[in-house]
Amino acid sequence: MNFENFPGNENIKAELNALEQNRRFPHALILNGSNAQSREALSQLLSKWAVCKSSSKPCSSCIPCQKAEKGVHPDIYFAKGSGKTDSISVEEIRNITRNCSIIANEADTKVFVIKDADKRLGVEALNAFLKTLEEPPQSILFLLLTEDAGILPETVLSRCVVLNLEQISGFDDETLKEAQKILLSLLESTEISLLKNLSALNEKKKAEALLEAMRAILSDALSMTVSEETILSRDLSEKLSEKLTKKKLIGLIETVNRGIYTISRNVSLVLLSTWLCGEFRRILWQK
Ligand SMILES: [Zn+2]
């Protein structure tokens, strides 16, 4: 992906490049972050990328890219919303769903952008949207922009790839050490120490911080596959990037992301640790 003039952080770039190169680019992405401008900038970059006709996408200079920039490309749709809260009705979701099955006008892919998806999609609209998310027609890209993706139900989150736009801030030494221990145990052949180290997730705030730190280190490891830049734990990230494929690193990051949203729902931390252990092992044993 061509990130020229794009300000976003290196981890996001690495994650997107890895998704693109592995030919498993998702049909639905959640662009999550507190800064509306960053969300929109990434949304525009991805929309252009989806419709661009050049070999280095997005080129920003071909006609489709320019149309996308001006917001007039016929294959890029923005959910309109209505009423005081600008909420998206079930009717509009049905229109989008119908529109999905009609072939694109000019591009190879159709893009549907839902800004403030965490605030504008009510329960009924989300339910109407689920089926399309579950069995999306070919060549569709949904971009859901959120400030707090954790508000969206698990059924939606699990069908999308969440990209977190937040820049990583510092972690205290204790958190970093424990996160490193958990990640190191991923490289062992049995799950005994993984389970033992995951038991550190025994308190909500602590569990959140640990998973955030794990995500940061894993993102660094993924970045190392394209550049030398790391933020947190260079040795460990290097080790992880050597031993694990990009696909596995992405899988691990997605799992940690889901873990973070699960914590915000007050689930039992024992169950969460067991679930994480199972998911990690599943990803690592995949061919
Ligand atoms: Zn272009």
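This passage describes the domain arrangement and one helix of a predicted model. Residues are numbered from 1 along each chain as its sequence is written. Because the model is predicted, local features need pLDDT of at least 70 and side-chain atom pairs count only at pLDDT 80 or more, while totals for chains, interfaces and linings use all residues.

The mean pLDDT (the predictor's confidence in each residue, from 0 to 100) is 89 for the protein, and 95% of the residues score at least 70. Among the elements (DSSP runs numbered from the N terminus: helices, H or I, at least four residues; strands, E, at least two), mean pLDDT is lowest in α1, at 83, and highest in β3, at 97.

The domain assignment, from an automatic or database source, gives domain 1 (10–164) and domain 2 (173–285). Their centres, taken over C-alpha atoms, are separated by 27 Å. Contacts (C-beta atoms, placed from the backbone, within 7 Å) join 15 residues of domain 1 to 16 residues of domain 2. On the side of domain 1 that touches domain 2, α1 (10–21) and β5 (161–164) each supply at least two residues. The largest share, seven residues, comes from α1.

Helix α2 (residues 36–51) has 16 residues and should span 22 Å at 1.5 Å a residue (1.5 Å times one less than the number of residues); its end C-alpha atoms lie 23 Å apart, which agrees. Its buried residues (20 or more other C-beta atoms within 10 Å of their own, C-beta atoms being placed from the backbone) include Leu42, Leu45, Leu46 and Trp49. The cover over the buried residues of α2 includes β1 (28–32), α3 (63–70), β2 (76–78), β3 (110–114) and β4 (140–146).

Definitions and conventions: Buried ≥ 20, exposed ≤ 12 C-beta atoms within 10 Å, placed from the backbone. Contact = placed C-beta atoms within 7 Å.
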